[in-house]
Amino acid sequence: YKITGYAIDTGGNETTKKSGTYEIYEGISCSEVNFESNIESETWSKETIEVDITVPSNTYRYEIEIKKDNGTYQLEKTVIGNAKTKISLSNTGNYQLRVTVYDRDGSSCSKESEAYYVDKTPPSCPTITSTANANSWTRNDITLTIQPTSDTVEWEWSYKNTMNNSDYTTP
């Protein structure tokens with residue numbers, strides 16, 4: 001913008017004074033920071049989670065921080081400009097991202113993502129007990145008890161008839 005000032009005296013004489021050019025800047029908005037991932041946030045995944053981060057077009061630079069397992073945020077990456085960035089979360093843990101964007105005047109704002117959960121640890125093996133000794137013959141019925149561990153949320157079982165080498169069957 002250019003500003004022009006006028007002065008008029010009582011006789012109607014006018015003078016003008018022109019200023020330099022001024023920019024009116026809107027600031028930077030964190031509402032334009034977005035987190036998009038291949039896995040829905042707030043759900044557990046055994047896969048690596050890829051998070052795409054987009055920032056406002058007037059971003060001069062931005063910092064990406066990662067918090068794992070409710071610890072403290074650690075700086076992961078600084079990006080100059082407003083290019084989209086991908087962050088991979090591949091190890092078991094509970095993650096949250098925080099992006100701080102800066103404009104060329106040094107103004108900044110921060111936005112946090114929702115949580116991302118990665119679980120690559122398989123469940124513990126169940127306990128199997130029998131009413132008969134393994135590798136022995138009996139004429140009695142055999143009862144097998146399968147007890148999954150407390151960290152198991154879903155399970156199924158199968159068996160194989162070794163007498164006729166039939167396929168596994170899941171009742």
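This note sets out, point by point, the main features of a predicted model.

1. Overall content. The predicted protein has 13 strands and 0 helices. Along the sequence, its elements accordingly read β-β-β-β-β-β-β-β-β-β-β-β-β. Of its 171 residues, 25% are counted as buried. The exposed surface comes to about 12,900 Å², and carbon and sulfur atoms supply 46% of that area. Among contacts with a separation of 6 or more, 48% join residues that are 24 or more positions apart.

2. The three-stranded sheet. One open sheet is built from 3 strands in the order β3-β5-β8, and the pairing is antiparallel. Its edges are formed by β3 (34–37) and β8 (85–89), each of which pairs on one side only. From one strand to the next, the twist averages 25 degrees.

3. Pairing within this sheet. Strand β5 covers residues 49–54 and is joined to β8 by 5 bridges, the two strands running antiparallel. Two facing positions illustrate this pairing: Ile49 stands opposite Leu89 of β8, and Glu50 stands opposite Ser88 of β8. The pairing of β5 with β3 is also in the antiparallel sense and extends over 4 bridges. Here Ser37 stands opposite Val51 in β5.

4. The two faces of β5 and β8. Which residues of β5 lie on its covered face, and which on its uncovered one? Ile49, Val51 and Ile53 make up the covered face, while Glu50, Asp52 and Thr54 make up the uncovered one. In β8, the covered face consists of Thr85, Ile87 and Leu89, and the uncovered face holds Lys86 and Ser88. The facing positions of the preceding point can be read against this division. Ile49 belongs to the covered face of β5, and its opposite residue, Leu89, belongs to the covered face of β8. Glu50 is on the uncovered face of β5, and Ser88, which stands opposite Glu50, is on the uncovered face of β8.

5. The aromatic pair. The structure contains 1 aromatic pair. The partners are Trp44 and Tyr117, whose rings are stacked at 4.7 Å centre to centre with 25 degrees between the planes. The pair links distant parts of the chain, as Trp44 belongs to strand β4 (residues 44–45) and Tyr117 to strand β11 (residues 116–118), 73 residues apart. Are the two partners buried or exposed? Trp44 has a relative accessible area of 57% and is therefore exposed, the cut-off being over 50%. Tyr117 has a relative accessibility of 16%, so this residue counts as buried, the cut-off being under 20%.

6. Charges over rings. Two arginine placements deserve attention. The charged end of Arg61 sits over the ring of Tyr102, at 3.9 Å from the ring centre. Arg98 lies over the face of Tyr73, and here the distance from the ring centre is 4.0 Å.

7. Glu65. This residue is located in strand β6. Because its relative accessibility is 14%, Glu65 counts as buried. Leaving aside residues up to four places away in sequence, Glu65 touches Tyr73, Gln74, Leu75, Glu76, Gln96, Leu97, Arg98 and Thr100. Both Tyr73 and Arg98, described above as a ring and the residue over its face, are thus among the contacts of Glu65.

8. The loop between β6 and β7. Where do the residues with positive phi noted here lie? Asp69 is in the loop between β6 (61–68) and β7 (74–80), and Asn70 is placed in the loop between β6 and β7 as well. Asp69 has a phi near 50 degrees, a positive value in a residue other than glycine. The phi of Asn70 is also positive, at about 60 degrees, although Asn70 is not a glycine. Asp69 is partly exposed, as its relative accessible area is 48%. Asn70, at 63% relative accessibility, counts as exposed.

Methods: Residues numbered from 1 in each chain as written. Predicted model: local features only at pLDDT ≥ 70, side-chain atom pairs only at ≥ 80, totals over all residues. Heavy atoms only, no water. Buried < 20%, exposed > 50% of the residue type's maximum accessible area, 1.4 Å probe, protein only. Contact = heavy atoms within 4.5 Å. Areas by Shrake-Rupley, 256 points an atom, 1.4 Å probe, with all protein chains shown as cover. Pairing = 2+ DSSP bridges. Axes fitted to C-alpha atoms, helices over the stretch in contact; angles between N-to-C directions. Phe/Tyr/Trp six-rings, centres within 6.5 Å; stacked < 30°, edge-to-face > 60°. Lys NZ or Arg CZ within 6 Å of the ring centre and 35° of its normal.
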